[in-house]
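Q: I'd like to learn how to read pockets, helices and buried residues in a model. Could you walk me through this one?

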Amino acid sequence: MAQIVKLDGTRQMDFDREMVEQAYDRWAPIYDLVFGGVFSKGRDAAIQATNKIGGRVLEVGVGTGISLPLYSPKLRIFGTDISEAMLKKAKQRVAESGLRNIEGLAVMDAEKLEFPDNSFDVVMAQYVVTAVPNPEVALDEFARVLRPGGELIILTRVSADAGMRRFIEQTLQPVVRRLGFRTAEFAWSRYTKWLADAKSIELVERRLIPPLGHFSLVRFRKVEVAAAA
Ligand SMILES: C[S@@+](CC[C@H](N)C(=O)[O-])C[C@H]1O[C@@H](n2cnc3c(N)ncnc32)[C@H](O)[C@@H]1O
């Protein structure tokens, strides 16, 4: 994890689980108002891809459950999140909308999923990977709980590799971290490096998503890996 070196020479982690949890507990009352519209195109695309696959879905970082009513009623969804306050909103939504395809909603760290290997047909994480302190650990967990043939679908911010956008993202980073976001450190090369190390995962699709094309819908598939002789 990146560290900040303060003027007195001491070091502090730039992003930790407790800080993120507190940030989203604060966001919970106004989250849908602020991010409901702006992220809706990405959500629609991600849910359409999920509905085509069907079966049992894990939505990590389900937040206020804003996506839950969009899934096909034939799917079974389990939602997890690190923030109690966000999950409380999700539970209210499930009750108020009478959703009957939600298997469960539970506080759980994306870096330590409490499910056996190969449990889900789809693992979905919308606008979550950049909020997790150790994204590669979380991606490994997503791959572990996904069944072979199933898809990992993420909506995520992809940072610029160079140029003015990179400069702006680097400048904004210290400001937005307390809000539970990261603007920098997530160039596409970070995902391709993870992919190269993850033996059982292949890339299916990367599609640019509004606003501004700074976000991508990325679909990965888990493949069978032959056991060593
Ligand atoms: C930007 S919000 C996205 C919420 C929702 N997926 C959506 O599309 O609106 C990020 C969510 O990820 C959750 N989150 C952050 N770090 C997490 C972690 N380590 N494990 C599980 N959830 C986490 C936050 O609590 C928050 O609900």
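A: Sure. One thing first: this is a predicted model. Let's start with the open space. Helix 1 gives the largest share of the lining of the largest pocket, three residues.

Q: How much space lies in the largest pocket, and which residues are closest to its centre?

A: The largest pocket holds about 750 Å³ of space. Its lining is made of 40 residues, and Tyr24, Tyr127, Val128, Ala131 and Phe181 are the closest to the centre. Two or more lining residues come from each of helix 1 (17-27), helix 2 (31-35), strand 3 (56-60) and helix 6 (163-176). Sorted by class, the pocket lining has 24 nonpolar, nine polar and seven charged residues.

Q: And the closed spaces: how many cavities of 30 Å³ or more are there?

A: A cavity differs from a pocket in that a 1.4 Å probe fits but cannot get out. By that rule the count here is one cavity of 30 Å³ or more, and the largest cavity has about 30 Å³ of space. Its lining consists of Val129, Pro135, Glu136, Leu139, Phe186, Arg190, Tyr191 and Trp194. Helix 5 (135-145) and helix 7 (188-197) are the elements that give two or more of these residues. Six of the lining residues are nonpolar, none is polar and two are charged.

Q: Let's turn to a helix. What span should helix 3 have, and how far apart are its ends?

A: You count 1.5 Å a residue and compare the result with the end C-alpha atoms. Helix 3 (residues 40-53) has 14 residues, so the expected span is 20 Å; the end C-alpha atoms are 20 Å apart, which agrees. Just after helix 3 comes glycine 54, with a positive phi near 80°.

Q: Which residues of helix 3 are buried, and what covers them?

A: Here, buried means under 20% relative accessible area. In helix 3 that applies to Gly42, Arg43, Ala45, Ala46, Ile47, Ala49 and Thr50. Their cover includes helix 2, strand 3, strand 6 (120-126), strand 7 (146-157), strand 8 (201-209) and strand 9 (215-222).

Q: What about charged side chains: is aspartate 121 buried or exposed?

A: Check the accessibility, then look for polar partners. Aspartate 121 sits in strand 6, and it counts as buried because its relative accessibility is 17%. A polar atom of the aspartate 121 side chain lies 2.7 Å from the backbone nitrogen of arginine 56. Beyond four places in sequence, aspartate 121 touches Ile53, Gly54, Gly55, Arg56, Leu146, Arg147, Gly150 and Glu151.

Q: Glutamate 151 is on that list. Which side chain does the side chain of glutamate 151 make a polar contact with?

A: With the side chain of arginine 219, at 2.8 Å. Glutamate 151 is located in strand 7, and its relative accessibility of 6% is why it counts as buried. Among the residues that glutamate 151 touches are Ile53, Val122, Val123, Val204 and Phe220.

Q: Where is valine 158, and what is it in contact with?

A: A loop position deserves the accessibility check too. Valine 158 is in the loop between strand 7 and helix 6, and its relative accessible area of 5% makes it buried. Leaving aside neighbours within four places in sequence, valine 158 has contacts with Arg165, Phe186, Ala187, Trp188, Tyr191, Arg206, His214 and Ser216. Two of these, Phe186 and Tyr191, also line the largest cavity.

Methods
Residues numbered from 1 in each chain as written. Predicted model: local features only at pLDDT ≥ 70, side-chain atom pairs only at ≥ 80, totals over all residues. Heavy atoms only, no water. 1 Å grid on protein atoms, 1.4 Å probe; cavity = no way out; pocket = protein on both sides within 12 Å on 5 of 7 lines; lining within 4 Å. Points joined across faces, edges and corners; volume = space filled by probe spheres on them. Helix = DSSP H or I, 4+ residues; strand = E, 2+ residues; numbered from the N terminus. Nonpolar A, V, L, I, M, F, W, Y, C, P; charged D, E, K, R; others polar. Expected span 1.5 Å × (residues − 1). Buried < 20%, exposed > 50% of the residue type's maximum accessible area, 1.4 Å probe, protein only. Contact = heavy atoms within 4.5 Å. Polar contact = N/O pair within 3.5 Å; in protein donor to acceptor, adjacent residues only side chain to side chain.
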